[in-house]
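User: Please take a close look at the salt bridges in this structure, and at the helices they belong to. I would like one connected account of where the partners sit and how exposed they are.

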Amino acid sequence: MQLQVMNSPFNQEQAELLNRILPTLTESQKVWLMGYLAASQTVAAAAVTVEAEAEAPVAELTAVQTTAQPISKEVTVLYGSQTGNSQRLADNAGKTLRERGFDVTVSSMSDFKPNNLKKVTNLLLVVSTHGEGEPPDNALTFHEFLNGRRAPKLDDLRFSVLALGDSSYEFFCQTGKEFDEKLAELGGTRIYPRVDCDLDFDEPAAEWLEGVFNGLSEAQGGSAAAAPQTAAPQAAGETVYSRTNPFRAEVLENLNLNGRGSNKETRHLELSLEGSGITFEPGDSLGIYPENDPELVDALLAETKWNPEETVTVNKQGETSSLRAALISNFEITVLTKPFVEQAAKLLGNESLQELVGNADKLKEYINGRDLIDFVRDFGPVTVPVQEFVSLLRKMPARLYSISSSLNANPEEVHLTIGAVRYDAHGRARKGVCSILCAERLQPGDTLPVYIQNNQNFKLPQNPETPIIMVGPGTGVAPFRSFMQEREEIGAEGKSWMFFGDQHFVTDFLYQTEWQRWIQDGVLTKMDVAFSRDSDEKVYVQHRMLEQSKELFQWLEEGAAVYICGDEKNMAHDVHQTLIDIIEKEGGMSREDAEKYVSTMQQEKRYQRDVY
């Protein structure tokens with residue numbers, strides 16, 4: 001519609017100017033302009049209020065101030081993140097709210113001084129759940145503070161929590177739930193209800209941010225009509241690859257690192273990033289969107305007797321695909337989650353399934369190790385329309401792998417170290433979705449959809465002279481290969497010590513020749529190895545650490561940074577306890593003081609973990 005003097009509040013010159021510029025604006029520019037005008041209106045209204053108050057009698061002004069205290073525009077965003085997802089979402093929230101006129105501070109929970117919590121008026125928490133319902137490493141101190149005796153009353157606090165998790169785990173979003181409940185218990189008021197996100201978190205996170213923005217705006221007495229932007233505008237023709245827009249990387253090399261006769265298969269993958277503009281740092285991860293094994297999909301179709309060519313909708317945008325193609329590329333079929341089983345029970349009306357859902361312990365036991373074929377065999381046939389059933393399935397989640405190369409050493413390439421996962425469960429052979437794709441079906445020349453997952457919680461020291469101690473058995477070696485390549489490229493002079501372990505020296509010493517060359521060239525100062533199946537008594541990396549306890553503690557006293565990568569439940573837990581044992585023994589400390597020593601190292605970013 002053309003603006004005219006008759007149908008608008010503008011004069012002829014203004015209408016002509018607006019008619020020329022409005023058709024040229026992009027959607028993002030229109031949204032920005034709406035927000036800008038809404039914010040300007042709020043500011044103008046506030047100015048009028050102030051002017052009116054200045055002219056009011058003193059008694060009347062005092063009454064107004066007593067009944068309507070202004071709401072602060074200061075917002076504190078704290079994140080607890082293990083792999084970087086929560087940090088990225090927190091940074092995005094901060095950027096978006098700043099664009100809407102709020103004064104925002106974004107910080108890791110470990111960098112925030114808990115005693116300052118009483119000074120915060122508007123608090124947003126973005127936090128993932130790690131391990132068995134535990135906080136991420138950089139959220140531990142803040143979590144302990146809130147649940148301790150020193151936690152203050154927070155009657156003036158307004159807050160909201162965005163929780164990240166994986167619904168295939170028992171303690172889904174547990175850390176976020178605990179923060180949300182505790183802040184309310186301490187007297188805080190929710191700006192917006194907590195949102196629990198599964199692996200596909202982008203849309204619910206955007207909805208949470210919009211809800212928070214509306215809540216803050218309503219408290220300000222302003223308009224919340226303009227939705228917050230969730231992405232920065234980009235230059236025309238520029239392509240930004242990300243989690244939601246992955247880059248198709250060509251496979252350059254795909255090698256088995258294990259020797260003949262090994263019980264393991266570890267793939268070394270080299271991918272081309274040429275033309276993508278993608279950059280990363282040592283310590284970051286690569287996300288891969290894999291495909292399900294076509295043989296598994298065909299077995300599922302045979303079990304259900306579904307038509308593989310039937311058209312189904314695969315996402316909220318309304319995109320469609322054949323059922324077989326959708327089951328290969330779009331949906332997760334190898335894992336059962338509690339929400340899926342609960343929703344399927346309502347949809348299918350199966351009595352035995354409803355009975356299972358009603359027993360939490362039996363449901364937990366059933367879900368463990370089973371997939372969609374098991375479910376259909378146990379509770380089929382599926383008589384509801386195919387579209388209704390597949391709509392219950394989770395979107396195919398990306399798999400994250402620690403990058404095992406330095407971009408400085410290998411320009412426009414990224415290397416990965418991936419252990420092939422094969423096991424038996426419930427009478428059937430099982431395969432890891434992404435690892436077996438790489439091991440059995442991926443050839444040089446093929447492409448994979450990938451993106452970089454930045455991880456600021458696992459980074460080399462800023463000072464290259466700082467000594468580093470690395471503990472990474474098996475595929476946990478990956479980020480330390482990137483560390484050493486990077487330190488070699490920049491000529492880092494700080495000492496370095498590697499603890500590596502696996503089953504057999506002859507077949508499982510991953511990247512052996514590279515480690516030996518780095519030792520010979522002085523890039524690596526010291527290396528200790530543990531091969532658990534080469535002796536009668538199993539020896540692991542923590543045993544090698546204990547054997548070197550005196551020197552290891554000396555390195556710690558010299559300011560060394562410690563890095564651990566690998567299995568969280570077993571290896572990383574044992575190494576953590578061993579580190580405390582060494583500090584207690586060699587430092588002549590009590591157990592409590594040794595634990596405080598490690599906690600201080602974490603706060604100083606001298607103790608970092610990339611665990612899964």
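Analyst: Helix 6, which spans residues 174–185, contains both Lys 182 and Glu 185, and these two residues are 3 positions apart, about one turn of the helix. An α-helix has 3.6 residues a turn, so residues three or four places apart point the same way. In this predicted model, the side chains of Lys 182 and Glu 185 meet in a salt bridge, with 3.0 Å from N to O. The two partners differ in their surroundings: Lys 182 is buried, at a relative accessible area of 14%, whereas Glu 185 is exposed, at 55%.

A second salt bridge joins the side chains of Glu 558 and Lys 495, at 2.9 Å from N to O. This pair connects distant parts of the chain, 63 residues apart, since Glu 558 lies in the loop between helix 20 and strand 20 (561–566), while Lys 495 lies in the loop between helix 16 (478–490) and strand 18 (496–502). Glu 558 counts as partly exposed, with a relative accessibility of 42%, and Lys 495 is likewise partly exposed, with a relative accessible area of 29%.

Helix 20 also takes part in a third pair, in which Lys 550 forms a salt bridge with Glu 586, their closest N and O atoms being 3.5 Å apart. Because Lys 550 belongs to helix 20 and Glu 586 to helix 21, this pair ties together parts that are 36 residues apart in sequence. Lys 550 counts as exposed, at 61% relative accessibility.

The Lys 550 and Glu 586 pair belongs to a wider contact between the two helices: Ser 549, Lys 550, Leu 552, Phe 553 and Leu 556 of helix 20 meet Leu 579, Ile 582, Ile 583, Lys 585 and Glu 586 of helix 21. Sorted by class, this contact has 6 nonpolar, 1 polar and 3 charged residues. Helix 20 (residues 549–557) and helix 21 (residues 568–586) pack at an angle of about 90 degrees, and their axes are 9 Å apart; the two helices are therefore roughly perpendicular to each other.

Elsewhere, salt bridges link several residues into a network, which joins Glu 265, Arg 267, Arg 422, Lys 431 and Glu 440. Taken over the whole structure, there are 41 salt bridges, among them the pairs of Lys 182 with Glu 185, Glu 558 with Lys 495 and Glu 586 with Lys 550.

Key:
Residues are numbered from 1 along each chain as its sequence is written. This is a predicted model: local features need pLDDT of at least 70, side-chain atom pairs count only at pLDDT 80 or more; totals for chains, interfaces and linings use all residues. Side-chain values use heavy atoms; hydrogens and water are left out. Axes are lines fitted to C-alpha atoms, for helices over the stretch in contact, and angles run from 0 to 180 degrees between N-to-C directions. Helices (H or I, at least four residues) and strands (E, at least two) are DSSP runs, numbered from the N terminus. Angles under 35 degrees count as roughly parallel, over 145 as roughly antiparallel, 65 to 115 as roughly perpendicular and the rest as oblique. Contact means heavy atoms within 4.5 Å. Ala, Val, Leu, Ile, Met, Phe, Trp, Tyr, Cys and Pro count as nonpolar, Asp, Glu, Lys and Arg as charged, and the others, Gly among them, as polar. A salt bridge is a side-chain nitrogen of Lys or Arg within 4 Å of a carboxyl oxygen of Asp or Glu. Buried means under 20% relative accessible area, exposed over 50%, partly exposed in between (1.4 Å probe, protein chains only).
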